Amino acid sequence: MGLVSLLEVSLMPILQVLMLCMLGAFMATDYLKLFPSQTRRALNRIVFSVFTPALVFSSLAKTVKLQDLISWWFMPVNIGITFVLGGTLGWIAVKILKPQPYLQYLVVAMCATGNLGNIMVILIPAMCEEPGNPFGDKSTCRTLGLSYASLSMALGCFYMWTYTYHLIQHSSTVYRAMLEGEGETANEQNKDLEATQTSPLLHRNSATDLKPAAALGNKLVAVSRQILEELKAPPVVAAFVGFVFGAVSWLRNLLVGSNAPLKVVDDSITVIGDATIPCINLILGGNLTEGFNKSKLEPKLAVVVIVVRYMLLPAAGIGVVKAAAHLGLLPDDPLFQFVLMVQYTLPPAMNIGTMTQLVDVAQEECSVLFLWTYIAAAFSLTAWSTVFMWFLS
């Protein structure tokens with residue numbers, strides 16, 4: 001596969017994202033006024049509750065069987081490693097740079113969470129179509145590549161709507177606390193001296209503290225409730241149900257296949273799911289129109305995300321995948337190893353934009369970060385894909 005062909009294949013999914021974002025931005029301008037912020041919020045809720053679950057369910061039910069889950073067991077581990085490594089590197093960076101507290105969680109989320117969805121679905125099968133690829137027969141490669149990419153997307157969705165969603169929710173909590181703190185500071189300046197003298201007594205009385213054991217129990221209950229709430233997010237529920245339908249053959253045969261009795265249901269779910277990626281891109285583009293004016297993002301934060309996602313993580317990914325292959329943990333399939341390596345090289349997940357809109361925090365900063373990271377992704381994906389294929393040839 002020549003460098004020009006590789007550049008073309010790597011550019012295609014990035015250009016699709018950027019073109020849809022430009023359309024969303026144009027629709028949101030004062031010239032057209034087709035896509036105001038209220039419309040974007042309403043569409044975002046539909047994406048979260050309907051489109052994304054449909055996409056996850058249809059991808060899993062069609063492409064992932066029980067034997068695949070067993071033989072590809074290292075993929076969820078590998079994706080988990082990308083989240084842990086990226087999140088750790090992002091956390092170190094924000095501790096050094098010290099941006100606004102609520103932006104720290106956004107930067108960590110961006111560093112930890114790659115776009116394991118539409119880019120993989122476009123990129124991997126396209127690589128198989130190119131003459132001279134190191135992955136064997138085109139049709140077999142394409143079928144396998146689509147299965148790998150679909151599983152990657154579903155697993156990524158599970159990690160995103162638990163770990164990443166928790167980070168963005170925490171960012172929202174910190175942002176609201178910051179706003180309330182500013183309001184309280186203004187109010188305190190008008191308080192009476194008498195009130196300020198009695199307030200310590202009130203605080204001391206209210207702190208008739210719980211015993212340490214009771215306090216720990218309350219904390220564990222709160223954490224458990226938080227985890228359960230996150231597991232009830234529609235995309236996560238859809239991932240669980242999709243795994244069940246994909247793994248249990250008689251359930252799968254009800255929906256999937258030309259002779260399936262409920263094929264029309266599967267077709268309808270697929271059509272709904274296909275709307276996910278275009279809608280997310282349009283919303284991000286619309287947010288971008290406000291982003292450049294309202295964003296408080298420092299350029300160095302965009303540089304941090306680019307360095308972590310496109311330099312440090314891919315280099316670490318080569319080491320992780322090569323070590324796993326050396327220990328005999330991976331199937332003897334270069335395409336599978338290529339997919340695992342690419343998971344370390346992807347731009348930030350578009351669903352982070354959906355999350356920021358849902359909890360109403362850092363939407364403008366998120367859009368600006370997306371713009372710069374996706375422009376950089378065109379070059380990094382090409383360079384690293386070349387390196388990965390050279391390692392696997």
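Where is the place of Leu116? Let's start there and work through a few exercises on this predicted model.

**Exercise 1. Locate Leu116, decide whether it is buried or exposed, and list what it touches.**

Step 1: Look between α5 (101-112) and α6 (118-129); Leu116 sits in the loop joining them.

Step 2: Check the accessibility. Leu116 has a relative accessibility of 3%, and buried means under 20%, so this loop residue counts as buried.

Step 3: Collect the neighbours, skipping residues up to four places away in sequence. Leu116 touches Ile79, Phe83, Ala149, Ser152, Met153, Gly156, Gln343 and Leu346.

Step 4: Add a distance along the way. Leu155 is 39 residues from Leu116 along the chain, yet their C-alpha atoms are separated by 8.4 Å.

**Exercise 2. Work out which polar contacts the side chain of Thr113 makes.**

Step 1: Place the residue. Thr113 is another resident of the loop between α5 and α6.

Step 2: Ask about cover. The relative accessible area of Thr113 is 0%, so it is buried.

Step 3: Follow the side chain. At 2.9 Å, it reaches the backbone oxygen of Ala109. The side chain of Thr113 also makes a polar contact with the side chain of Thr164, at 2.7 Å.

Step 4: Fill in the surroundings. Leaving out neighbours within four places in sequence, Thr113 is in contact with Phe83, Met160, Thr164, Arg309, Pro347, Pro348, Ala349 and Ile352. Phe83 turns up in the list for Leu116 too.

**Exercise 3. Find the salt bridges in the whole structure and say which parts of the chain they link.**

Step 1: Recall the background. Side chains of opposite charge can pair when their charged atoms come close.

Step 2: Count. Searching the whole structure turns up 3 salt bridges.

Step 3: Take Arg41 and Asp360, whose side chains meet at 3.2 Å, N to O. Arg41 belongs to helix α2 (residues 37-63) and Asp360 to the loop between α16 (351-359) and α17, so this pair ties together parts that are 319 residues apart in sequence. Arg41 is partly exposed at 29% relative accessible area, and Asp360 is partly exposed at 34%.

Step 4: Now Lys263 and Asp267, with their closest N and O atoms 3.0 Å apart. Both lie in helix α12 (residues 263-273), 4 residues apart, or about one turn of the helix. Lys263 has a relative accessible area of 30% and Asp267 comes in at 34%, counting as partly exposed.

Step 5: Finish with Lys300 and Glu298, which meet at 3.5 Å, N to O. Lys300 is partly exposed at 36%, and Glu298 is partly exposed at 32%.

**Exercise 4. Identify which residues touch the most other members of the largest nonpolar core, and which helix gives the most to it.**

Step 1: Keep the general trend in mind. In soluble globular proteins, nonpolar side chains tend to be buried together.

Step 2: Pick out the hubs. The largest nonpolar core has 109 residues, and Met75, Leu106 and Phe338 touch the most other members. Helix α17 (residues 363-392) gives the most to this core, with 14 residues.

Step 3: Zoom in on Phe338. Setting aside neighbours within four places in sequence, it is in contact with Ile124, Met127, Phe135, Ser385, Phe388, Met389 and Leu392.

Step 4: Step back to the chain. It has 17 helices and 0 strands, and 48% of its 393 residues count as buried. Among contacts between residues at least 6 apart in sequence, 86% join residues at least 24 apart.

**Exercise 5. Look at the outside: which residues make the nonpolar surface patch of about 370 Å²?**

Step 1: Name the members. The patch is made by Trp73, Val77, Leu327 and Leu329.

Step 2: Examine one of them. Val77 lies in helix α4 (residues 74-97) and is partly exposed, with a relative accessible area of 38%.

Step 3: Set this against the total. The chain exposes about 18800 Å², with carbon and sulfur atoms supplying 66% of it.

How values were computed:
Residues numbered from 1 in each chain as written. Predicted model: local features only at pLDDT ≥ 70, side-chain atom pairs only at ≥ 80, totals over all residues. Heavy atoms only, no water. Patch = residues over 30% accessible without salt bridge, like charges linked within 9 Å, V, L, I, M, F, W, Y side chains within 5 Å. Areas by Shrake-Rupley, 256 points an atom, 1.4 Å probe, with all protein chains shown as cover. Salt bridge = Lys/Arg side-chain N within 4 Å of Asp/Glu carboxyl O. Helix = DSSP H or I, 4+ residues; strand = E, 2+ residues; numbered from the N terminus. Buried < 20%, exposed > 50% of the residue type's maximum accessible area, 1.4 Å probe, protein only. Core = buried A, V, L, I, M, F, W, Y, C linked by side-chain atoms within 4.5 Å. Contact = heavy atoms within 4.5 Å. Polar contact = N/O pair within 3.5 Å; in protein donor to acceptor, adjacent residues only side chain to side chain.
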